[in-house]
Amino acid sequence: MIDLKGRTAVVFGLANKRSIAWAIVQSLADAGARIAVCYQNERLRPEAEDLAKELPDAAIYQCDVQNEEEIDAVFARLKDRYGKLHTLVHSIAFAPPEALNNEFLDTSREAFRVAQEVSVYSLIALSRAAAPLMTEGGSILTLTYYGAEKVVPRYNVMGVAKAALEATVRYLASDLGPKKIRVNAISAGPIKTLAARGIGGLSDMLRLHAERSPLKRNVERSEVGGAALFLASDLAAGITGEVLYVDCGYNIMGF
Ligand code: NDP
């Protein structure tokens, strides 16, 4: 049984109860961690507040990761409330919808920039803000997908962003290792969420994954939550800069 009592985790990317971020919050909270959750904007506030009520003593903050001042403000409030931080979960991605429907060749400069800024640069910005609060060491986690490595039709500019995200995990792990801060990514199989619905052909993707993965099914949100709990805990103390697949083994298959 993993015990995170006395530890504090901040989780970015809560849209609703289907969000991977929510599954991660649940596993960390069940293990006793204190939780702060962040949602992007006013529109998402009611849902985030309702969900946070299910957690004992959770803090809840608004933060658009494209806005440096909002990031600084959230971490200042985290410092005031908790003093230190042990886990940062980055469960955020965005690309303009047209970039996920047209041919990759037609990716606009602006869509490329936005996808990289929201889905990749934000990990650097949040890690930089979190590191000074991780005075006892820490664990930083992000979410990636197989489209970083192989062509997944219509994943397009998001695949390129995930490739950059995985490289970013390694560079951050190298910088932050001396401070006992570990940085890892979970590569999750497809899960029906708000963000995933923006990618055309999600039903086909889910069907093919279930058919072809060694476990012959799709991954459950709670399984991603479980892997996140492991990576956040001392059981993973020797693991950094890695991509951990939680995809029912899909990535090992040739076809
Ligand atoms: P969700 O839509 O539930 O979560 C994505 C979150 O990112 C939302 O809360 C979204 O807010 C937030 N976000 C987007 N832009 C910003 C911003 N500028 N500032 C702050 N937050 C922002 O989908 P998932 O849970 O599926 O996605 C979580 C992560 O998991 C993503 O990195 C995704 O790529 C990854 N992943 C998902 C898989 C899947 O099949 N679902 C598979 C593998 C990885 P808003 O709703 O307002 O845009």
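This passage describes the pockets, the cavity, the ligand surroundings and two buried residues of a predicted model.

A convenient place to start is the empty space. The largest pocket has a volume of about 1100 Å³. Its lining is made up of 42 residues, and those that lie nearest the pocket centre are Ser91, Ile92, Ala93, Phe94 and Ala195. Several secondary-structure elements take part: helix 1 (20-30), helix 5 (156-176), helix 6 (194-197) and helix 7 (202-212) each supply at least two lining residues, as do strand 2 (34-39) and strand 5 (138-144). Among the contributors, helix 6 gives the most, with 3 residues. In chemical terms, the lining of the largest pocket divides into 30 nonpolar, 9 polar and 3 charged residues.

The second largest pocket has a volume of about 390 Å³. It is lined by 18 residues, with Val152, Pro153, Leu208, Arg212 and Tyr250 closest to the centre. Here the classes come out as 10 nonpolar, 4 polar and 4 charged residues.

Closed space was examined as well. Across the whole structure, the search finds 1 cavity of 30 Å³ or more, and the largest cavity holds about 30 Å³ of space. Its lining consists of Gly189, Pro190, His209, Ser213, Arg217, Asn218, Val219, Asp247 and Cys248. By class, that lining has 3 nonpolar, 4 polar and 2 charged residues.

One residue of the cavity lining, His209, merits a closer look. His209 sits in helix 7, an element that also supplies at least two residues to the lining of the largest pocket. Is His209 buried or exposed? Its relative accessibility is 4%, so His209 counts as buried, the cut-off being under 20%. Beyond the neighbours within four places in sequence, His209 is in contact with Tyr145, Gly189, Pro190, Arg217, Asn218 and Tyr250. Of these partners, Gly189, Pro190, Arg217 and Asn218 also appear in the cavity lining, while Tyr250 is one of the residues closest to the centre of the second largest pocket. Tyr155 lies 54 residues away from His209 in sequence, and the C-alpha atoms of the two are 15 Å apart.

The ligand comes next. It is surrounded by 28 residues, the closest being Ser19, Ile20, Gln40, Ile191 and Thr193. Three polar approaches to oxygen atoms of the ligand can be described. A polar side-chain atom of Ser19 lies 2.6 Å from a ligand oxygen atom, and for a polar side-chain atom of Arg43 the distance is 3.2 Å. Ile92 takes part through its backbone, with an N or O atom 3.3 Å from an oxygen atom of the ligand. Ile92 is also among the residues that lie nearest the centre of the largest pocket.

Finally, Cys38 offers a second view of a buried site. Cys38 belongs to strand 2, which is among the elements that each supply at least two residues of the lining of the largest pocket. Because its relative accessibility is 2%, Cys38 counts as buried. Which residues are in contact with Cys38, leaving aside its neighbours within four places in sequence? They are Val10, Val11, Phe12, Gly13, Leu14, Tyr61 and Val74. The C-alpha atoms of Cys38 and Asp64 are separated by 8.8 Å, with the two residues 26 apart along the chain.

Terms used:
Residues are numbered from 1 along each chain as its sequence is written. This is a predicted model: local features need pLDDT of at least 70, side-chain atom pairs count only at pLDDT 80 or more; totals for chains, interfaces and linings use all residues. Side-chain values use heavy atoms; hydrogens and water are left out. On a 1 Å grid over the protein atoms alone, a cavity is a set of points where a 1.4 Å probe fits but cannot get out, and a pocket is an open set with protein on both sides within 12 Å along at least five of seven lines; lining residues have an atom within 4 Å of a point. Grid points are joined across faces, edges and corners, and a volume is the space filled by probe spheres set on the points. Helices (H or I, at least four residues) and strands (E, at least two) are DSSP runs, numbered from the N terminus. Ala, Val, Leu, Ile, Met, Phe, Trp, Tyr, Cys and Pro count as nonpolar, Asp, Glu, Lys and Arg as charged, and the others, Gly among them, as polar. Buried means under 20% relative accessible area, exposed over 50%, partly exposed in between (1.4 Å probe, protein chains only). Contact means heavy atoms within 4.5 Å. A residue is near a molecule or strand if one of its heavy atoms lies within 4 Å of it. A polar contact is a pair of N or O atoms within 3.5 Å; within protein, one must be able to donate a hydrogen and the other to accept it, and residues adjacent in sequence count only if both atoms are side-chain atoms.
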